[in-house]
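Q: Please choose one part of this model for a close look, and describe how it is built and what surrounds it. Then set it against the rest of the structure in one connected account.

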Amino acid sequence: MPTADRGLDVSGLTARAGSFTLGPVNLHIPPDRVLVVLGPSGAGKTMLLETIAGLRPQNGGQINLAGADITCLPPERRRIGLVFQDAALFPHLTVQQNVEFGPRATGAAATTASVDLLHQLGVGHLAPRAPRSLSGGERQRIALARALAIQPALLLLDEPLSALDQPTREDLRTLLRRLLAELKIPTAYVTHDRDEALSIGDDLAVIVRGQLRQTGPAATVSAQPADPDVARLLGWSELGYGTAANDTIRIGNLALRVPAITGPVQAFYRPEDIQFGPPGHDEPVSASFMARVEQIVHTRPLARITLGTNPPITALMLHRDIGQLQLTIGEPTPASLREGSLRIFQAGEIRLPTQPLSMQKASRRLPPADPTNSPSQLVNRPTGTETSVTNPPGGSYRLVAGPRPASSASGKGIESTAKFSRKNSLGL
Amino acid sequence: MPPKMARPGRLRGRHNDEVITADSAGSARRGGGWPAGWFGVVTWLLSGLLLAFIVLPIIRLFTTSSVASLHQAADTAAIRDATLMSLQAAAITAGIATVFGVPLAYLLAQGGFRGREVIQAVVDLPLVVPHTVAGIALLFLLGRTGWVGAPAGHLGVSFYGSQWGIVAAMLFVSVPFAVNSARVGFEAIDPRLERAARSLGATPWHTFRRITLPLGLRGVLTGAVLVYARSISEFGAVVILAYYPATAPVEIYNLYLQSGLTQAASAAVILLIVALATFLVLRTLASGRLLIRVERAYS
């Protein structure tokens, strides 16, 4: 192993619980980055964390932490700090005893350090209290202090904010983001909340039904989801299924100008990228249409506007824009889908592209010939599933699951998109 | 046996001020939720009859014996020895049941292994075996020619007609209480607490001693008290395996056969007083202040 790397390396990790299978999971978390594991309930996120922490038996694979192979170590020797959703503070111990539990269990006597940690997290005054008398936010801060007290080589946070009320959650989210940036401890943060994932994570790993679907920098994954499940998790709305022919995809009454795809496809759009009013000349659009406003729901921060199109489209927009555009219920309005707000997947076939986390460093991190590093797993890793498909600059869409290389989405396509979309506007 | 059962009187909520349609059973809605109407009447009636059935024999027993007869009984060496023997054997049994029952309870509470149901069924077996049957079975095993009794005899330990026989009989019939009570205590602990402890660097033993045992201590101690109470009252298995030295129930039975009901009653009252007193003391200790102190000592 490269001794300089203090991060976490997980390769080929598999685990089983009844009929549920997790993995194989390949992950890398560098010391200065936060990886958010995003997935729906029951996807195996917690199981992944507990397997990494050694609290569950693993079936295969290898875990390296801070340059050492910890695959076979018992949990107490892994130096992994865990924070659970409900804090899981020891109810029979005071706050301070909770924080000192780790150092004392390992034989260190770090009383002042524990109190310092509590102060750093803004809960120093609670040291003599019993956990049951504390609020949810306070408990989570103490759980965090307790995990940090063992000076962990890795921090695992399992939905630490889910059980909190909204204001507390936002406070703690800000604190966490600042703290994690300062600490420079590799961190895996499990959540099912998209907002939280994008605000906390440097990198995203999306896990669905026990399978790692996509990993990569948070911005990349959210802009270019690799498959429909990932798209849905990251806030893309489904437009429906259609067939692509002659550079056009027809779904319901909608015609999407998307060149160079044929066959059955599934389309997604970003609800906050729906544009109202006639499209500007300089903005390439994939589809424009007339839409009747059916409903305006005043959710915050963005309002939801249901359009009576076929297929139905829901737009998210700023409240002040609704006023400016003078959208009224029942009135037809010109609307358009901008480029980059559409995502097309070839239906019926899904590949699992995985971008190496923090790409610029990734190549250094996978040593090709290191006999101690269980070479069979590195060599046998099927290259097909590792293919990272990068977005062409300025491309309006990217064919992820297509039969041909994605790079053929070229600038030529963009021009025709812009021209075509005007002719294909639909009145509804 | 929750330690702080809120007394009904202290649970009175706002509803108490409302005008309540009082019925003959006087079911005022305390804490909101006691039944009213004919259903309430029937519930109260049946409950009252049951309580009377429990309390009346005890009261009647006390009223049969005069203070003088109690004095006399207490001065009788046989009765005193038998009572002390009962207390001593029950206490030893409670200790042994706890020492061996806690590990088994811990295993059962962990779950997730094959054959857990079978082991649980084995633990519950003494509850369904008639106690005289248990005594006979134990006699076969622990008697002079038994599988365990014979080798133990060579080492100078006899179960037949000895205090060890009494303890063995008591243990067999009461150990399910120790295991089950501790198991329930352990099962109530959030498994994440133990996982958190492990991740913080605690070994399995350290985790058990510092987290699992203190948090499950109430169940463990409750089990010990139940074993004690069950052991003191044991007659069937003891009388077969270890007729002598007599425990209090055996001695009372002897008196009943030899001297009649009145003589037996005095001895019975003494045993009852002693058993109740020790039980109440232990129960209070197990659920109250002692527990808090032990918890502190562990932390």
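A: In chain A, strand S9 and strand S10 (residues 211-217) pair in the antiparallel sense over six bridges, where two strands pair if DSSP finds at least two bridges between them, and where helices (H or I, at least four residues) and strands (E, at least two) are DSSP runs numbered from the N terminus. This is a predicted model, in which local features need pLDDT of at least 70 and side-chain atom pairs count only at pLDDT 80 or more, while totals for chains, interfaces and linings use all residues. Residues are numbered from 1 along each chain as its sequence is written, and chains are lettered from A and ligands numbered from 1 in the order in which they are written.

Within the S9-S10 pair of chain A, A:Ile207 has A:Leu212 of S10(A) as its bridge partner. The two strands form a hairpin with two residues between them, and in this hairpin A:Arg209 takes a positive phi near 50 degrees. S9(A) also pairs with strand S3 (residues 34-38) of chain A, here in the parallel sense and over four bridges, with A:Val206 of S9(A) serving as the bridge partner of A:Leu38.

How much of S9(A), residues 203-208, is buried? Six of its six residues are buried, so the strand is mostly covered; a residue is buried if 20 or more other C-beta atoms lie within 10 Å of its own, exposed if 12 or fewer, and partly exposed in between, with the C-beta atoms placed from the backbone. In a regular strand the side chains alternate between the two faces of the sheet. In S9(A) both faces are covered, since A:Asp203, A:Ala205 and A:Ile207 on one side are buried, as are A:Leu204, A:Val206 and A:Val208 on the other.

A:Thr220 belongs to helix H7 (residues 218-223) of chain A, and its C-alpha atom is 8.9 Å from that of A:Asp203, although the two residues are 17 apart along the chain. A:Thr220 counts as partly exposed because it has 18 C-beta neighbours inside 10 Å.

Chain A is divided into domain 1 (8-223) and domain 2 (235-345 + 408-423), with bounds that come from an automatic or database domain assignment. Taken over C-alpha atoms, the centres of the two domains of chain A are separated by 39 Å. Elsewhere in chain A, a cis peptide bond with omega of about 0 degrees joins A:Asn310 and A:Pro311, and A:Pro311 lies in the loop between strand S17 (303-307) and strand S18 (313-317) of chain A.

Two other residues of chain A also have unusual backbone settings to consider. A:Arg79, which is not a glycine, has a positive phi of about 55 degrees and lies in the loop between strand S5 (68-69) and S6 of chain A; A:Arg79 is buried, with 21 other C-beta atoms within 10 Å. A:Ala87, in the loop between S6 and H2 of chain A, has a positive phi near 70 degrees, and A:Ala87 is buried with 23 other C-beta atoms within 10 Å.

Chain A and chain B meet through 19 residues of chain A and 18 residues of chain B, two residues being in contact if their C-beta atoms, placed from the backbone, lie within 7 Å. On the side of chain A that touches chain B, strand S6 (80-83) and helix H2 (95-105) are the elements that give two or more residues, and H2(A) contributes the largest share, four residues. By class, this side of chain A has twelve nonpolar, five polar and two charged residues, where Ala, Val, Leu, Ile, Met, Phe, Trp, Tyr, Cys and Pro count as nonpolar, Asp, Glu, Lys and Arg as charged, and the others, Gly among them, as polar.

Chain B, for its part, has 13 helices and zero strands, and buried residues make up 34% of its 299 residues. Of the 28 residues of H1(B), the number buried is zero, so this helix lies largely in the open. A cis peptide bond, with omega of about 0 degrees, joins B:Tyr244 and B:Pro245, and B:Pro245 is found in the loop between helix H10 (236-241) and helix H11 (248-259) of chain B.
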